[in-house]
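Colleague: Got a minute to go through this model with me? I'd like to start with the sheets and then hop around a bit.

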Amino acid sequence: MTETTGSTEPTEPTDDGHGDGYDDCGDGSGDRRVELAAALTAGGDLRSPEWRDAVLATPRHEFLRGGFFRRVDDGTRTGWEPVRPGDADWLPACYRDESLVTQIAGTIVPGDLDGRIHRLPTSSSTLPGLVVRMLEELAVGNGSRVLEIGTGSGYSTALLCHRLGAALVTSVEVDPEVSGRARVALGAVGHHPELVVGDGLAGHAPNAPYDRLIATCGVLDVPAAWLAQVRPGGRIVVTVGGWLHSSELACLTVREDGTAAGRLLGGQVSFMLARPQTPPPLGILPDLGAGTERESTVGWEALDDWTARFVAQLAAPRAQRFGLALPEGELKVLLDVEAGSWAALRRDGGRWIVREGGPDPLWRRVEDRITSWRRAGSPGLDRFLITVGPGGRTITWDA
Ligand SMILES: C[S@@+](CC[C@H](N)C(=O)[O-])C[C@H]1O[C@@H](n2cnc3c(N)ncnc32)[C@H](O)[C@@H]1O
């Protein structure tokens with residue numbers, strides 16, 4: 001591996017373009033890295049020679065030595081089965097443009113089980129195409145000091161270390177065991193960045209100011225701490241999402257006054273949410289027979305569309321959606337657990353009837369926002385603008 005430990009200079013490319021110069025791990029992965037780089041270039045995510053050099057130099061399989069989980073859908077439920085080094089598809093999968101889940105339910109790793117598990121992923125090695133797309137958007141220069149949120153497997157951290165030198169890279173991971181495994185993998189390929197265990201929503205003030213911040217977990221809101229720790233003119237690349245499970249990559253520039261502005265980039269990018277921001281349990285359901293009933297101007301099926309759902313999420317940022325099968329038919333429900341507001345929709349022939357209760361008319365807000373977005377011509381998320389300041393976050397679409 002190319003040694004970059006402690007260096008503040010970018011490493012010199014040594015590749016001849018065919019990957020031979022990189023296959024120095026004795027593991028035969030050099031050709032696979034060349035193929036991965038070619039695929040990422042063909043897909044339009046990998047654009048610059050510097051990041052191509054980083055992809056060619058970084059053995060992703062070293063960050064997946066503990067294996068990964070393969071998704072298995074049995075028609076009703078999503079399950080996860082372990083794939084470990086030694087399994088035939090382990091090495092090829094490490095070099096496909098695939099997101100590979102490395103932890104389930106907050107603790108379970110591939111070495112822990114032989115069967116199938118039906119719980120949610122909590123850590124992964126991000127889709128390489130998405131990692132390099134975000135790194136390209138980050139627009140680092142030689143000497144840029146970068147804060148990464150969500151170390152995960154350490155693969156994206158390693159790319160940053162190769163490009164910038166480990167001394168300029170700080171990476172925060174909330175899960176100590178995940179961070180520990182990343183430290184071992186990074187060390188094995190010769191990188192020793194500052195790895196911090198903690199809540200990345202607070203950034204990492206001791207190494208601030210940063211020129212760039214990249215988050216590989218999603219957030220509901222861009223935290224004030226990030227604005228304070230990234231210098232004016234610096235850039236933040238993060239996925240903003242919500243509990244209706246629509247999200248998008250945002251690229252923001254921090255302004256002199258400490259606020260930040262930018263745009264969404266499009267592409268329907270999805271990341272697991274930062275752990276403190278995962279949705280609360282639904283708890284005891286409210287009485288969905290209470291409240292007041294009327295005909296809705298927007299049907300529930302509007303939420304099937306990724307962008308419309310993102311718009312709905314802007315209107316009801318703390319709402320969760322679920323279905324209830326009742327003897328009299330199916331109810332579609334939006335519930336804001338903390339506020340106690342809810343909306344329940346049912347089909348009545350070709351119409352949707354909504355019943356709303358609690359302090360906030362959730363569905364009225366969703367209807368209004370979706371209607372105004374439709375009147376604007378239903379713009380795509382790449383036409384959405386984002387600003388963040390002391391008053392919180394604003395996302396609008398340009399007319
Ligand atoms: C998609 S994975 C990161 C993948 C990583 N970039 C890679 O290439 O392997 C997201 C990571 O964010 C971590 N995470 C979640 N919430 C966090 C938080 N509040 N602060 C720091 N890390 C967090 C998760 O534990 C998980 O490891």
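Modeller: Sure, we'll take the two sheets, then the cysteines, then the ligand.

Modeller: First the ground rules: this is a predicted model, where local features need pLDDT of at least 70 and side-chain atom pairs count only at pLDDT 80 or more, while totals for chains, interfaces and linings use all residues. Residues are numbered from 1 along each chain as its sequence is written, and side-chain values use heavy atoms, with hydrogens and water left out.

Colleague: OK, what's the strand order in the open sheet of nine strands?

Modeller: Reading across, the order is β7-β6-β5-β8-β9-β10-β11-β17-β18, and the pairing is mixed. Strands here are DSSP runs of E with at least two residues, helices are runs of H or I with at least four, and both are numbered from the N terminus. Two strands pair if DSSP finds at least two bridges between them.

Colleague: And which strands stand at the edges?

Modeller: β7 (194-197) and β18 (392-397); each has a single partner strand, so one side of each is left without a neighbour in the sheet. On average, neighbouring strands of this sheet are turned by 15° against each other, direction ignored.

Colleague: How many bridges join β5 to β8?

Modeller: Four, between residues 146-149 of β5 and residues 210-215 of β8, and the two strands run parallel. E148 stands opposite I214 in β8.

Colleague: Which strands does helix α5 touch?

Modeller: α5 (residues 155-164) packs on the sheet and touches β5, β6 (169-173), β7 and β8. Contact means heavy atoms within 4.5 Å. The direction of α5 makes about 170° with that of β5; axes are lines fitted to C-alpha atoms, for helices over the stretch in contact, and angles run from 0 to 180 degrees between N-to-C directions.

Colleague: Now the sheet of five strands. What's its order?

Modeller: That open sheet goes β12-β16-β15-β14-β13, with antiparallel pairing. β12 (292-295) and β13 (320-326) are the edge strands, each pairing on one side only. The twist averages 25° from one strand to the next.

Colleague: How many residues are in the hairpin that joins β13 to β14?

Modeller: Two residues link them, and seven bridges join these antiparallel strands. One of the bridge pairs is A325 with E330 in β14.

Colleague: What about β14 and β15?

Modeller: They form a hairpin too, with four residues between them, and G340 in the turn has a positive phi of about 80°. β14 (residues 329-336) and β15 (residues 341-348) pair over five bridges in the antiparallel sense, and D336 stands opposite S341.

Colleague: Switching topic: how many disulfides does a search of the whole structure find?

Modeller: Zero, with a disulfide taken as a pair of cysteine sulfur atoms within 2.5 Å. The sulfur of C251 is 17 Å from the closest cysteine sulfur, in C217, too far for a bond.

Colleague: Is C217 buried or exposed?

Modeller: Buried, with a relative accessible area of 13%, and C251 is buried at 11%. Buried means under 20% relative accessible area, exposed over 50%, partly exposed in between (1.4 Å probe, protein chains only).

Colleague: Last one: which residues come nearest to the ligand?

Modeller: S123, S153, S156, E173 and G200, out of 24 residues around the ligand; a residue counts as near if one of its heavy atoms lies within 4 Å.

Colleague: Where does S156 make its polar contact?

Modeller: An N or O atom in the S156 side chain is 2.7 Å from a nitrogen atom of the ligand. A polar side-chain atom of E173 lies 2.6 Å from a ligand oxygen atom, and a polar backbone atom of R275 is 2.8 Å from a ligand nitrogen atom. A polar contact is a pair of N or O atoms within 3.5 Å; within protein, one must be able to donate a hydrogen and the other to accept it, and residues adjacent in sequence count only if both atoms are side-chain atoms.
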